[in-house]
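Visitor: I should like to learn how to read this structure. Might we proceed feature by feature, with the general idea before the particular case?

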Amino acid sequence: IIIDNHSHCAHQDVSSATNFFSQVSQSVSQKGYKHVMYEVFNEPLYENCNGATDTQSGGQKISWTTIKNYAKTVIATIRNNDKNGIIFVGTPNYSAGTEAARADPITGYSNIAYSLHFYASSPGHASYRYNLLRGKCNDFPIFITEWGTSESDGNGSFNRDMNDTWLSWVETVGV
């Protein structure tokens, strides 16, 4: 089970995130669950957005520095209760910017991986496959926490060839 903070703007309300993950991780720990993973920031998008689901504000895209600072606070909260749970950290641009995280990873904690999201029928997402390869070649943990067969807007077509290419790539790279 992945429990996520499904927000594009989680960094703007760190106290709500820490409260949420504190309660969840405490419950997980008390009940002895071993199958729970945490995604602390689902799809980071803008530095100055309007609410958790805002995808339209435009403006400056969120920096890895902002995400990292937020994540370190939330990770510390989770680790107070769950010392070994797997934690996924979202990356810039709807969790597609794993390269920024790879260049400056979070240190001092174990069981941390970085989220990658893709939609196989979106032509622009094909380049994300190379993020997986670079991650594998550099022992950098990337986990695909969200993917879809359609285009990313959900209104697009289904491209079987692009989907087959993605699935073959993931199987070949072995992530």
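Visitor: Where does Asn111 lie?

Guide: Helices (H or I, at least four residues) and strands (E, at least two) are DSSP runs, numbered from the N terminus. Asn111 belongs to the loop between helix H4 (98-103) and strand S4 (112-119). Please bear in mind that this is a predicted model, in which local features need pLDDT of at least 70 and side-chain atom pairs count only at pLDDT 80 or more, while totals for chains, interfaces and linings use all residues. Residues are numbered from 1 along each chain as its sequence is written, and side-chain values use heavy atoms, with hydrogens and water left out.

Visitor: What is the phi of Asn111, and which other residue that is not a glycine has a positive phi?

Guide: Asn111 has a phi near 60°, a positive value in a residue other than glycine. Asn93 also has a positive phi, of about 60°, and is not a glycine. Asn93 is placed in helix H3 (residues 92-95).

Visitor: Are Asn93 and Asn111 buried or exposed?

Guide: Buried means under 20% relative accessible area, exposed over 50%, and partly exposed in between (1.4 Å probe, protein chains only). Asn93 is partly exposed because its relative accessible area is 33%. Asn111, with 36% relative accessibility, likewise counts as partly exposed.

Visitor: How is the span of helix H1 to be read?

Guide: The expected span of a helix is 1.5 Å times one less than its number of residues. Helix H1 (residues 14-31) has 18 residues and should therefore span 26 Å; its end C-alpha atoms are 25 Å apart, which agrees. Just after H1, Gly32 adopts a positive phi of about 75°.

Visitor: Which residues of H1 are buried, and why are they said to line one face of the helix?

Guide: An α-helix has 3.6 residues a turn, so residues three or four places apart point the same way. In H1 the buried residues are Ala17, Thr18, Phe21, Val24, Ser25 and Val28. Seen down the axis of H1, these buried residues fall within an arc of 140°, so they line one face of the helix. The arc is that of the directions from the helix axis to the C-beta atoms. On the face turned away from the buried side of H1 are the exposed residues Gln23, Gln30 and Lys31.

Visitor: What covers the buried residues of H1?

Guide: Contact means heavy atoms within 4.5 Å. The cover over the buried residues of H1 includes strand S1 (2-4), strand S2 (37-39) and helix H2 (64-81).

Visitor: In which sense do S2 and strand S3 pair?

Guide: Two strands pair if DSSP finds at least two bridges between them. S2 and strand S3 (residues 86-89) pair in the parallel sense over three bridges, and Met37 stands opposite Ile86 in S3. S3 and S4 also pair in the parallel sense, over three bridges. Phe88 has Ala113 in S4 as its bridge partner, and Val89 has Tyr114 in S4. S4 and S5 pair in the parallel sense over six bridges, with Tyr114 opposite Ile142 in S5.

Visitor: How many residues of S4 are buried?

Guide: S4 is mostly covered, with eight of its eight residues buried.

Visitor: How does one read helix H6 in the same manner, and which of its residues are buried?

Guide: Helix H6 (residues 160-173) has 14 residues and reaches 20 Å from its first C-alpha to its last, close to the 20 Å expected at 1.5 Å a residue. Its buried residues are Asn163, Trp166, Val170 and Val173. Down the axis of H6, these buried residues fall within an arc of 115°, so they line one face of the helix. The face turned away from that buried side carries the exposed residues Arg160, Asp161, Glu171 and Thr172. What covers the buried residues of H6 includes S4, helix H5 (128-137) and strand S5 (142-148).

Visitor: With which residues is Thr149 in contact, leaving aside its neighbours within four places in sequence?

Guide: Thr149 is in contact with Ala120, Ser121, Phe158 and Asn163. Thr149 is found in the loop between S5 and H6.
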